[in-house]
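Reader: I have a sequence and a model open on my screen, and I would like to go through them with you. Could you take my questions as they come?

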Amino acid sequence: MKRHNVRNLRNTVWMYFVIFISSILILIWFSFVVSLESNYKNIKTKNIISIASYILNGWNQDDFTSDKLDEIAYANDMCILIQNSTGYTVYSYDMMANNCLIHGIYGLNLFKYRAEALASSTGYFYAEVQNPRFNNDTLLFVMVIGSREDPEGYIYLNTSLVPLKSTTDIIKNQVLRIGVMLFVLGLVIAYFLARLIESPIVRITRSAKKLGQGEYSEKFDGKGYAETELLADTLNYAASEISKVDSLRRDLIANISHDLRTPLTMVKAYAEMIRDLSGDNPEKRSEHINIIIEESDRLATLVNDILDLSKLESGNAELNITEFCITDIINEIMERYKLFSEQKGYTFIVTAEIPFMVQADVVKIQQVLYNLINNAINYTGENKTVYITQIIKDKKTVRIEITDTGEGIDPELLPLIFDRYYRAEKSKREVIGTGLGLSIVKQILKQHNCQFGVRSEKGVGSTFWFEMEGYTADENAEI
């Protein structure tokens, strides 16, 4: 079979794992190299705004001394200048020996910076400004004390922005080196992980091929993962069921071939006898023709049973649901067995007296009863006694039991008794039917959603039963 766009599991797992590792490395590269400088400046800006707000909030407090301002300036490597509204210096801390942007000769620009803060809607101004003395980038911050309309003073902060080029170069080299090692390690891990995931599936696939070749004893091994173990258990169960079906199929072909061969042989033999021997003898000819007709009927019955079972199993058999008294149906059927009883010496003990109404397909239920009674006739004991019993439970359920007095069925064979063409044992007398009766019973009762089953005891006999929902026609009847 030609396959299109089919991906190998091992390669797929390997590919996705490589994509995952690559994505992580790209994220690390972007975070630590590409966006490092912008993140640093953002953090520095938030930090300087926070310090200015802290100074502004504590400025008028008695315990807010110059020592605290010194600690802040020293801890943050920052120059601080605080002026009143007239420009008089109230506090100053210079970290750069008059070489920062708010002290010394560069302090001439304070008026410009102050004007920017007053013009701002936020009351503060900050910018990245290059220090001409050291030729490095610094962050300048100005905040108005009080309102912009009536300022009480100004806070100036200036701190260096550490040059990050050398730092980013070092990080780039480190990330590149670590990235290569992680990528190689990821490839190795991905390869072995893919092999590990693939292993139970390969084993199951190998066993499935053997199963497809008819090796039903093959056991599926899915050890490694819960999902593959569940799949293996399911396939082991399927293999067991397929083995049973295949065995039944072989038995079915063998049994049908045998049952077809016998009447066909008889038809051919008696047809030849009519042609060669009894053609001129009316009595013999009539006898031979009757045998041919009987064997033809037997063939027709077998074919019809096979067709009925196929329809039932495929779900194509439609039910004609009507309401009827199943008690009357049982008694009517047993009336038809009277002649058979007289000719063959069978005894039928019927216990079905209280009328019970059910809703079902009356023709199909009659077929169930006929098949179960014929099965009991085939396998009953030497006393040729069959019991047909109706039991009403709680006036809502009727249970029909058909019991023989034969040899019984082995316990291990009971689950198979309703399988297609299965027979527990060959009867000592001529078998009535085709061997498909119980399978037809099973399918009809399943279509009607009826409970059914069989119980048996070796040397005592077997009882086949089924239950139907309904009601008693006689409400005053004692159950």
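Reader: Let me start with one side chain: is Arg399 buried or exposed?

Author: Keeping in mind that this is a predicted model, Arg399 has a relative accessibility of 15%, and because the cut-off for buried is under 20%, Arg399 counts as buried.

Reader: Which side chains does Arg399 meet in salt bridges?

Author: One is Glu401, where the N to O distance is 2.9 Å, and another is Glu467, where the N to O distance is 2.8 Å. The pair of Arg399 and Glu467 links distant parts of the chain, since Arg399 sits in strand β10 and Glu467 in strand β12, 68 residues apart.

Reader: And those two glutamates, are they buried or exposed?

Author: Glu401 counts as buried, with a relative accessibility of 10%, and Glu467 is buried as well, as is Arg399. Through shared partners, salt bridges join Lys393, Arg399, Glu401, Arg455 and Glu467 into one network.

Reader: How many salt bridges are there in the whole structure?

Author: The search finds 8 of them. Among them is the one between Asp221 and Arg203, whose closest N and O atoms are 3.2 Å apart. Asp221 lies in the loop between α5 and α6, which spans residues 226–278, while Arg203 belongs to helix α5, so this pair ties together parts that are 18 residues apart in sequence.

Reader: How does that pair count in terms of exposure?

Author: Asp221 counts as partly exposed at 31% relative accessibility, and Arg203 likewise counts as partly exposed, at 22%.

Reader: Changing topic, which residues touch the most other members of the largest nonpolar core?

Author: That core has 41 residues, and the ones touching the most other members are Ile326, Phe348, Leu369, Ile373, Ile402, Phe466 and Met468. Two or more residues each come from α8 (326–336), β8 (356–361), α10 (362–379), β9 (385–393), β10 (397–404), α11 (437–447) and β12 (461–472). Of these elements, α10 gives the most, with 7 residues.

Reader: What is Ile326 in contact with, leaving aside its neighbours within four places in sequence?

Author: Ile326 is then in contact with Phe356, Val358, Ile365, Gln390, Val398, Ile400, Phe466 and Met468. A second, separate core has 19 residues, including Ile48, Ile72, Tyr91 and Leu157.

Reader: Coming back to α11, how many of its residues are buried?

Author: Of the 11 residues in α11, 8 are buried, so this helix is largely enclosed by the rest of the structure. The buried residues are Gly437, Leu438, Ser439, Ile440, Val441, Gln443, Ile444 and Leu445. After α11 comes Asn449, which has a positive phi near 55 degrees.

Reader: And how does strand β11 run relative to β12?

Author: β11, residues 451–457, runs antiparallel to β12, and 7 bridges join them. Within that pairing, Phe452 stands opposite Phe466. The two strands form a hairpin with 3 residues between them, where Gly459 takes a positive phi near 80 degrees.

Reader: Which strands is β1 joined to?

Author: β1 is joined by 7 bridges to β5, residues 151–160, in an antiparallel arrangement, with Cys79 opposite Asn158. β1 is also joined by 4 bridges to β2, residues 89–93, again antiparallel, and there Leu81 stands opposite Ser92. β1 and β2 form a hairpin with 4 residues between them, and Gly87 in the turn has a positive phi of about 95 degrees. As for cover, 6 of the 7 residues of β1, which spans 78–84, are buried.

Reader: What about the outside: which residues make the nonpolar surface patch of about 1,000 Å²?

Author: That patch is made by Trp14, Met15, Tyr16, Ile19, Trp29, Leu176, Val180, Val184, Val188, Tyr191 and Phe192. Helices α1 (9–34) and α5 (165–212) each give two or more residues to the patch, and the largest share, 6 residues, comes from α5. Tyr16, in helix α1, counts as partly exposed at 46% relative accessibility.

Reader: Finally, what does the secondary structure of the protein come to?

Author: It comes to 11 helices and 12 strands, and 37% of the 479 residues count as buried.

Note on methods. Residues numbered from 1 in each chain as written. Predicted model: local features only at pLDDT ≥ 70, side-chain atom pairs only at ≥ 80, totals over all residues. Heavy atoms only, no water. Buried < 20%, exposed > 50% of the residue type's maximum accessible area, 1.4 Å probe, protein only. Pairing = 2+ DSSP bridges. Core = buried A, V, L, I, M, F, W, Y, C linked by side-chain atoms within 4.5 Å. Contact = heavy atoms within 4.5 Å. Patch = residues over 30% accessible without salt bridge, like charges linked within 9 Å, V, L, I, M, F, W, Y side chains within 5 Å. Areas by Shrake-Rupley, 256 points an atom, 1.4 Å probe, with all protein chains shown as cover. Salt bridge = Lys/Arg side-chain N within 4 Å of Asp/Glu carboxyl O.
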